[in-house]
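Work through these exercises with the structure open beside you. Try each task before you read its solution.

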Amino acid sequence: MKTRLHISSRREDGIGVLAPEGEIDAVTRSILAAALNEALAAPGTRLILDLSGVTFLDSGGLGTISDQHRAARENGGMLSVYGGDPRRTRVLWLTGMADWLPVHPDLTTALAAVQEGFRDKPL
């Protein structure tokens, strides 16, 4: 069976960017969790999650993002999100996650916010 989720990573202006492509659901969320956990392992890591290639995101995927955001904060780091298209991040706004998870409209804005420091809302 072909995996419905592929995750790539890159650096943009010295900041890590993790880019899943495909569906994030009950079957694939463990792949996302493992990738985020590895990327955020070092204390103080700042990471941007690029959802622009995600075609489906269920509640389990939202939970994974929430858990990893919390873990990053507890470890002195930051997890920010951008989607490239408001349809990709709409669910974060509808569920209230965007009230405490930094959600940006594009990569340029996300990079600027992460480079500025911890300007997101407290847990």
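**Exercise 1. Find how strands E2 and E3 pair, and what links them.**

Solution. The model is a predicted one.
Step 1: Look at the direction of the two strands. E2 and E3 pair in the parallel sense.
Step 2: Count the bridges between E2 and E3. There are 3.
Step 3: Pick one pair. Valine 17 has isoleucine 48, in E3, as its bridge partner.
Step 4: Add the helix. E2, H1 and E3 form a β-α-β unit, and this unit is right-handed.

**Exercise 2. Find the pairing of E3 with E5, and decide whether E3 is enclosed or open.**

Solution.
Step 1: Check the direction. E3 and E5 run parallel, joined by 5 bridges.
Step 2: Name a pair. Aspartate 50 has tyrosine 82, in E5, as its bridge partner.
Step 3: Check burial. In E3, 4 of the 5 residues are buried, so the rest of the structure largely encloses this strand.

**Exercise 3. Describe the largest nonpolar core and one residue in it.**

Solution.
Step 1: Take the size. The largest nonpolar core has 22 residues.
Step 2: Find its best-connected members. Leu49, Ile65 and Leu92 have the most contacts inside this core.
Step 3: List the elements that give two or more residues to this core. Among them are strand E2 (15-24), helix H1 (29-39) and helix H2 (59-74).
Step 4: Look for another core. Apart from the largest one lies a core of 9 residues, including Met78, Tyr82 and Leu107.
Step 5: Follow leucine 92. Leaving out residues up to four places away in sequence, leucine 92 touches Leu51, Leu62, Val81, Met97, Ala98, Leu101 and Val103.

**Exercise 4. Classify serine 66 and aspartate 13 as buried or exposed.**

Solution.
Step 1: Locate serine 66. It is in helix H2.
Step 2: Compare with the cut-off. Buried means under 20% relative accessible area. Serine 66 is at 12%, so it counts as buried.
Step 3: Name its contacts. Beyond neighbours within four places in sequence, serine 66 is in contact with Met97 and Trp100.
Step 4: Locate aspartate 13. It sits in the loop between strand E1 (5-12) and E2.
Step 5: Classify aspartate 13. Its relative accessible area is 59%, so it is exposed.
Step 6: Check its backbone. Aspartate 13 is not a glycine, yet it has a positive phi of about 50 degrees.

**Exercise 5. Decide where to read the model with care.**

Solution.
Step 1: Start with the whole protein. The mean pLDDT is 91, and 93% of residues reach 70 or more.
Step 2: Find the weak stretch. Over residues 118-123 the pLDDT is below 50.
Step 3: Draw the conclusion. Where pLDDT is low, predicted coordinates should not be read in detail.

Methods. Residues numbered from 1 in each chain as written. Predicted model: local features only at pLDDT ≥ 70, side-chain atom pairs only at ≥ 80, totals over all residues. Heavy atoms only, no water. Core = buried A, V, L, I, M, F, W, Y, C linked by side-chain atoms within 4.5 Å. Buried < 20%, exposed > 50% of the residue type's maximum accessible area, 1.4 Å probe, protein only. Contact = heavy atoms within 4.5 Å. pLDDT = per-residue confidence, 0-100. Pairing = 2+ DSSP bridges. Right-handed = clockwise from strand over helix to strand, strands pointing away.
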